[in-house]
Structures are given as structure tokens and as C-alpha cells.
Amino acid sequence: MKKKNVKYGAISLALTAFVIIAVLLLNLVVTMLSDRFVLRYDMTSDKLYELSNATTELLAGLNSDIRIHVLMSETDVENYTMMSQIKEVLSRYTSASGGKVAVDFVDVYKNTSYISKYSSGDTTPAEGDLV
């Protein structure tokens with residue numbers, strides 16, 4: 001009787017370990033795919049986040065890398081509704097381009113010299129601008 005309990009316990013333990021490993025591997029695969037492909041669905045009534053076919057084709061056909069600088073910290077972007085919408089669209093640009101479009105968030109208050117790089121004449125970028 002004791003041998004049977006040990007046998008069933010070992011099978012139960014092995015099966016539990018297998019399920020945990022399978023779930024972790026599935027999570028890893030889904031995470032990798034979501035970085036490469038747009039796995040989100042735009043459920044807004046006006047399709048605010050959906051990219052047009054022309055935009056998707058343009059992004060997929062990029063020959064060189066593009067870097068977009070958002071002059072706002074990522075935390076601040078998430079706190080403003082409009083900026084979080086822009087962040088979502090930029091995220092979709094990155095996915096649709098296969099990683100050729102990169103987005104950086106720059107806190108202009110912590111990195112004050114950054115704005116001077118893009119100032120020219122009477123034009124000076126401000127917080128919230130995209131460069």
C-alpha cells in the first residue's frame with residue numbers, strides 16, 4: 001500500500017511539474033510573439049488605435065531604423081490620457097515595423113541638455129513634443 005502511494009505521489013508531482021513548465025514556456029512564447037507582432041485588438045468604437053493598411057505597409061517596408069523621442073517621462077505619459085493613446089499608437093508602429101521604429105521617453109526635467117540639441121532659432125521643443 002505504501003509503495004502505491006509513493007508511486008501515485010511521484011506521478012502527481014511529475015505531472016504538476018510538467019504543467020508548470022508548460023505554462024511558463026507558453027508565457028515565454030506569447031511574450032516573444034507580442035514583441036514581434038501586434039497581438040492587440042482595437043475595441044474602441046472609432047478604431048482609435050488601428051493602423052491603416054497604408055501605414056502598415058509603409059512601416060513594414062522601412063529600409064532604415066527610425067527613433068522617435070517623446071519629451072516626457074514614461075510615467076507621465078501613462079498619467080495623461082491623450083499621451084497614453086499616443087504611446088499605444090507608437091507601440092503599434094514599433095510592432096508593425098518589425099522593430100525598425102524605436103521610441104524613447106526623455107524626462108526633460110532630469111535631462112535638461114537634451115532639448116538644446118533640437119532647438120533652432122525661435123523653435124524650442126517642450127515637454128510632450130515628439131522629436
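Let me begin with the contacts: among those between residues at least 6 apart in sequence, 71% join residues at least 24 apart. What we are looking at is a predicted model, and I will move from the overall form to a few individual side chains.

The secondary structure comes to 5 helices and 2 strands, and from the N terminus on the order of elements is α-α-β-α-α-β-α. The radius of gyration is 23 Å, well over the 14 Å that the globule rule gives for 131 residues, so the protein is more spread out than a compact globule. Taken along the principal axes, the box filled by the C-alpha atoms is roughly 90 × 40 × 35 Å. Buried residues make up 19% of the 131 residues, and the protein exposes about 9800 Å², of which carbon and sulfur atoms supply 60%.

Part of that surface deserves a remark of its own. Leu15, Phe18, Val19 and Val23 form a nonpolar patch on the surface, and together they have about 410 Å² of accessible area. One of these residues, Val23, is found in helix H1, which covers residues 2-36.

Now to the charged pairs, where the count comes to 3 salt bridges. Which residue does Arg67 pair with? Its partner is Asp104, and the closest N and O atoms of the two are 2.9 Å apart. Arg67 lies in strand E1, residues 66-70, and Asp104 in strand E2, residues 101-105, so this salt bridge ties together parts that are 37 residues apart in sequence. Both ends have some accessibility, since Arg67 counts as partly exposed at 48% relative accessibility, and Asp104 counts as partly exposed at 24%.

The pair of Glu74 and Lys87 is another salt bridge, with the closest N and O atoms 3.0 Å apart. This pair links distant parts of the chain, with Glu74 in helix H3, residues 74-79, and Lys87 in helix H4, residues 81-96, at a separation of 13 residues. Glu74 is partly exposed with a relative accessible area of 37%, and Lys87 is likewise partly exposed, at 23%.

There is also a salt bridge between the side chains of Glu88 and Arg92, at 3.0 Å from N to O. Glu88 and Arg92 are 4 residues apart in helix H4, and therefore about one helical turn separates them. Is each partner buried or exposed, or something in between? Glu88 counts as partly exposed at 22% relative accessibility, whereas Arg92, at 7%, counts as buried, because it falls under the 20% cut-off.

Helix H4 itself has 16 residues and reaches 23 Å from its first C-alpha to its last, which is close to the 22 Å expected at 1.5 Å a residue. Its buried residues are Met83, Leu90, Arg92, Ser95 and Ala96, so that the Arg92 of the salt bridge with Glu88 appears again in this list. Just after H4, Gly98 takes a positive phi of about 70°.

I will end with His69, which is found in strand E1 and is buried, with a relative accessible area of 12%. What does His69 touch, not counting residues up to four places away in sequence? The residues are Asp104, Tyr114, Tyr118, Asp129, Leu130 and Val131. Asp104 thus has two roles in this account, as a residue touched by His69 and as the salt-bridge partner of Arg67.

Note on methods
Residues are numbered from 1 along each chain as its sequence is written. This is a predicted model: local features need pLDDT of at least 70, side-chain atom pairs count only at pLDDT 80 or more; totals for chains, interfaces and linings use all residues. Side-chain values use heavy atoms; hydrogens and water are left out. Patches are made of residues with over 30% relative accessible area and no salt bridge: like charges are joined within 9 Å, nonpolar side chains (Val, Leu, Ile, Met, Phe, Trp, Tyr) within 5 Å. Accessible areas come from the Shrake-Rupley method with a 1.4 Å probe; for residues, only the protein chains shown count as cover. A salt bridge is a side-chain nitrogen of Lys or Arg within 4 Å of a carboxyl oxygen of Asp or Glu. Buried means under 20% relative accessible area, exposed over 50%, partly exposed in between (1.4 Å probe, protein chains only). The expected span of a helix is 1.5 Å times one less than its number of residues. Contact means heavy atoms within 4.5 Å. The radius of gyration is taken over C-alpha atoms; the globule rule is 2.2 Å times the number of residues to the power 0.38.
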